[in-house]
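Grab your viewer and work through these exercises with the model open. Each one sets a task and then walks through a solution.

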Amino acid sequence: MVRDVFNEQQLSNLIGSLGIGHVRYPTAGSSSMSEAQPFYVNSPYGITFAHNGNLTNARELRDFMDKVAHRHINTDSDSELLLNILANNLQKTGKFRVNEEDIFTAIKDLYSQCRGAYACVAMIAGFGIIGFRDPHGIRPLIMGRRQTPSGYDYMFASESVVLESLGFTDFQDVLPGEAIIITREAISRRRLVIKEDIAPCIFEYVYFARQDSIIDGISVYNARLAMGEALADQVKRVLGDQIDIDVVIPVPDTSRAAAIQCSRKLNIVYREGFNKNRYVGRTFIMPGQQIRRKNVRRKLNAMALEFQGKNVLLVDDSIVRGTTSKEIIQMAREAGAKKVYFASCAPPIRYPNVYGIDMPTRHELVAYGRNEEDIARDIGADKVIFEDLDALIDSVRRFNTNIKTFDTSVFNGKYVTGDVDESYFNYIESLRSDKVKEATTDNESIGLHNSFKK
């Protein structure tokens, strides 16, 4: 946790007026210390770099770095790769010091080299802070400012809530294909690449973002309320006149807003049936099936008062592996539920996310190659109800009609970068599968144990 790393004493020892940080896990491979961001290269100019996303042509870029640019990449992180692409492009100037024009040129070249999703922040020692976003705008990036006695502080973040909580205002999304350079003297911004197929990731609104954030002009909270209304319509279509639901219960926390709106539209009572232990992290990202299953029980406790003798509709944001859903349904039955219907605010997830969310391989997705009846049987529900994809898109897009489409590749397998094929699936599966992660975790534990012995 950030609070465990940066305490008041450590923060007071930091000097200077620039800084960048990163709190996300890697999107492939292990969560090892060597892949912790930000990354740094001394040559040229002293560049520090952090990013959110995933490159789809990382293998070709690594080959280019080795054979042409002669830059050594130390980790499997796309972030280190992006940093070295940027550093190599800047080094081509041959200048002792670079200016804004040089940086814009270097980033424009990076756009032509790097495919995939990437929202990036960089710091050049003694010069300034840079923020830029991939041409499709798949991953979010927002900028704000905070007035000070001497002028303004500026900050980039993935979500507006970060800026808001620190007293920043005047939020502006970094546009797809745009780069912004902030120095002591000025702010320079330029749209370097303009693509027609802008497609922000819809999963940010379904699950990833905090509900009090605004991303690309869309309130995450409003989007989730709309998802709940659409889900209620889907429940009516699936169950018809045979709706025998006594109570609507959310799977905390991301589905709460949707569940409230769903219960209201169905005119069925809403109750909090699960008590959440807030000291257990997100099971979605935990390495290994056994660890995830064990931590679901630690994370949630079912209150028998709300389940005993009732037909319940459990509402969740999505179903990924099915591990969490299966445990939650079992907990509901153990608490006395007669029937358990399980409703998802997202359609079935049948394809991996290749743009920066560490979803499992195809064969580890519960919906891969299965229909609704198969999924219900697998997770132990009496019936599973998925929100329709068009309804999900409408639930988000209605709050910013300027966005024509979203990245929905995890649902329909249509990847906006156009370069994801079977060989790429095989490549990411070699990095992401639970077996790989468990083996990596075991090896790291052994290495750590040996270091202590020495």
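**Exercise 1.** Which residue in S16 is the bridge partner of Asn311?

*Solution.* Some housekeeping first: this is a predicted model, where local features need pLDDT of at least 70, side-chain atom pairs count only at pLDDT 80 or more, and totals for chains, interfaces and linings use all residues. Residues are numbered from 1 along each chain as its sequence is written, and side-chain values use heavy atoms, with hydrogens and water left out.

Step 1: find the strands. Helices (H or I, at least four residues) and strands (E, at least two) are DSSP runs, numbered from the N terminus. S15 covers residues 311–316, and S16 covers residues 339–344.

Step 2: check the pairing (two strands pair if DSSP finds at least two bridges between them). S15 and S16 run parallel, with six bridges.

Step 3: read off the partner. Asn311 is bridged to Lys339 in S16.

**Exercise 2.** Work out what sits on the other side of S16, and which sheet results.

*Solution.* Step 1: S17 (residues 383–386) pairs with S16 through four bridges, again in the parallel sense. Ala343 has Ile385 as its bridge partner there, and Ser344 stands opposite Phe386.

Step 2: put the strands in order. You get an open four-stranded sheet, S12-S15-S16-S17, with parallel pairing. S12 (247–250) and S17 are the edge strands, each pairing on one side only. On average, neighbouring strands are turned by 25° against each other, direction ignored.

Step 3: ask how covered S16 is. Five of its six residues are buried (buried means under 20% relative accessible area, exposed over 50%, partly exposed in between, with a 1.4 Å probe and protein chains only).

**Exercise 3.** Trace the helices that link or cover these strands.

*Solution.* Step 1: S15, helix H12 (residues 323–334) and S16 form a right-handed β-α-β unit. Right-handed here means that, with the strands pointing away from the viewer, the path from the first strand over the helix to the second runs clockwise.

Step 2: go on from S16. The chain passes through H13 (residues 372–379) to reach S17, and this crossover is right-handed.

Step 3: look at the packing. H13 touches S16 and S17, and its direction makes about 125° with that of S17. Helix H9 (residues 256–266) lies across S12 and S15, at about 170° to S12. Axes are lines fitted to C-alpha atoms, for helices over the stretch in contact, and angles run from 0 to 180 degrees between N-to-C directions.

**Exercise 4.** Is Arg350 buried, partly exposed or exposed?

*Solution.* Step 1: locate Arg350 in the loop between S16 and H13.

Step 2: classify it. Arg350 counts as partly exposed because its relative accessibility is 23%.

Step 3: list its neighbours, with contact meaning heavy atoms within 4.5 Å. Leaving out residues up to four places away in sequence, Arg350 touches Leu365, Ala367, Tyr368, Arg370, Asn371 and Val410. Its C-alpha is also 6.8 Å from that of Arg362, twelve residues away in sequence.

**Exercise 5.** Decide how far to trust the model.

*Solution.* Step 1: the average pLDDT (the predictor's confidence in each residue, from 0 to 100) is 89 for the protein chain, and 89% of the residues score at least 70.

Step 2: spot the weak stretch. Over residues 440–454 the pLDDT is below 50, and beyond near neighbours in sequence this stretch has four contacts in the model.
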